[in-house]
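Me: I should like a close look at a single part of this protein, namely its nonpolar interior and the aromatic residues associated with it. Please begin with one residue and work outward from there.

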Amino acid sequence: MVKSKSFGARVFVVVNALVIGLLAASCLIPLIHVFAISLSDKSSASGGLVTLWSVNFTLESYKYVINRAPFWTAMLVSLKRVLVGVSLNMFFCIICAYPLSKETNQFRARTAYAWYFFITMLISGGMIPLYMVINLTGLKGTFWSLVIPGAVPVYNIILLLNFFRQTPRELEEAAIIDGSNDLITFVRIILPLSAPVLASVSLFYAVSHWNSYFNAMLYINNSDMEVITIVLRRLVFLTTQVAEDSTFDWGAAGMPPIKAVKMATTVLSTLPILCIYPFVQKFFTQGVMVGSVKG
């Protein structure tokens, strides 16, 4: 017979659900508010009449942003950066983390290599030396200046290293007994078991590449190579500045809804990540426990 929960346990469950619900609402409500403003007309958005649903529904702010010539070019550059950047990050992260997860008797130089990577987290050359290196190596002004400087992130190498250490050694030993070599064992056994942590780390990389704009401001001097965050940032600033100029001729369409344009750019910049997250959510919830103590 299953014993019923005590009154205190039931109260705890209710309070816990309320707290989690309030935390979820505090994250969701601002997004809904931003989305509602982006779908409202100029007077409603500027007058503060929009709460959680649009007032005088219109798509003018999205049309204004999307019809700008650099928008789609920058979107393709950002997508390319995410695909190439995440692929490079994961490749170098995996091939560095897996050997370092081995015992010293299997990889004698493991400690030296581990310190070689770890020291880069403590000592950094700074922005100016990095800029000089990128300039002297000919990467400045090219797409590769956006992905190569951060291709080997040490923090995630340590994260994967700890995960690989938790993988049962008996699986590798059984594969070797069956005639498998190290490469086949890694590809067919270790990688499938590492799907949760790999998906989580890939999501971190994708968000970082998509939202990053400072290095693009430093290294890219060609408008055809600008990422979407730079274009949207410039669009918001230029729209605001020109809107303050009463002599500017907006044409037959008139002045766009400035506040709604800002919110539309925010929605468009976060939309790709919001579309990706549902597909990796099941892996993400498992991957966040990487490195935890197992009982």
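Reply: In this predicted model, valine 65 offers a suitable point of entry. Apart from neighbours within four places in sequence, valine 65 is in contact with Phe71, Leu232, Leu235, Val261, Ala264, Thr265 and Leu268. Both Val65 and Phe71 also belong to the largest nonpolar core, which has 47 residues. They are among the members that touch the most others, a group completed by Met90, Ile157, Leu160, Phe164 and Ile228.

Several elements contribute to this core. Two or more residues are given by each of helix 1 (7-38), helix 3, helix 4 (69-100), helix 7, helix 9 (182-193), helix 10 (195-211), helix 12 (228-243) and helix 13 (258-287). Helix 4 supplies the largest share, with 12 residues. A second core, separate from this one, consists of eight residues, including Val77, Leu146, Ala216 and Ile230.

The wider setting is helical throughout its assigned elements: the protein has 13 helices and zero strands. Of its 295 residues, 35% count as buried. Among contacts between residues at least 6 apart in sequence, 69% join residues at least 24 apart.

Helix 7 (residues 154-166) merits separate attention, and its axis comes within 9 Å of that of helix 5 (residues 110-122), the two crossing at roughly 145°. On the side of helix 5, the contact is made by Arg110, Phe117, Phe118, Thr120 and Met121; helix 7 contributes Val154, Tyr155, Ile157, Ile158 and Arg165. By character, the residues of this contact comprise seven nonpolar, one polar and two charged. Ile157 thus appears in the contact with helix 5 and is also one of the residues with the most neighbours in the largest core.

The aromatic residues add a further layer, with nine aromatic pairs found in the whole structure. The rings of tyrosine 131 and tyrosine 219 form a stacked pair, because their centres are 6.2 Å apart and their planes lie at 25°. This pair links distant parts of the chain: tyrosine 131 is in helix 6 (residues 127-136) and tyrosine 219 in helix 11 (residues 214-219), 88 residues apart. The two partners can also be described by their exposure. Tyrosine 131 has 29% relative accessibility and therefore counts as partly exposed, whereas tyrosine 219, at 4%, counts as buried.

Another pair joins phenylalanine 163 and phenylalanine 164, with ring centres 6.4 Å apart and planes at 70°, so the arrangement is edge-to-face. Phenylalanine 163 counts as buried at 15% relative accessibility, and phenylalanine 164 is buried as well, with a relative accessible area of 1%. Ring pairs link these two residues with Tyr98 and Phe186 into a cluster. Phe164 therefore joins two parts of the description: the ring cluster and the group of residues with the most neighbours in the largest core.A ring also takes part in an interaction with a charge: the charged end of lysine 80 sits over the ring of phenylalanine 143, 4.5 Å from its centre.

One backbone feature completes this account. Asparagine 56, in the loop between helix 2 (42-46) and helix 3 (60-66), has a phi near 55°, a positive value in a residue other than glycine. Most residues other than glycine have a negative phi. At 48% relative accessibility, asparagine 56 counts as partly exposed.

Conventions
Residues are numbered from 1 along each chain as its sequence is written. This is a predicted model: local features need pLDDT of at least 70, side-chain atom pairs count only at pLDDT 80 or more; totals for chains, interfaces and linings use all residues. Side-chain values use heavy atoms; hydrogens and water are left out. Axes are lines fitted to C-alpha atoms, for helices over the stretch in contact, and angles run from 0 to 180 degrees between N-to-C directions. Helices (H or I, at least four residues) and strands (E, at least two) are DSSP runs, numbered from the N terminus. Contact means heavy atoms within 4.5 Å. Ala, Val, Leu, Ile, Met, Phe, Trp, Tyr, Cys and Pro count as nonpolar, Asp, Glu, Lys and Arg as charged, and the others, Gly among them, as polar. Rings of Phe, Tyr and Trp (its six-membered ring) pair if their centres lie within 6.5 Å; planes under 30 degrees apart count as stacked, over 60 as edge-to-face and the rest as tilted. Buried means under 20% relative accessible area, exposed over 50%, partly exposed in between (1.4 Å probe, protein chains only). A charge sits over a ring if NZ of Lys or CZ of Arg is within 6 Å of the ring centre and within 35 degrees of the ring normal. A nonpolar core is a set of buried Ala, Val, Leu, Ile, Met, Phe, Trp, Tyr and Cys residues joined through side-chain atoms within 4.5 Å.
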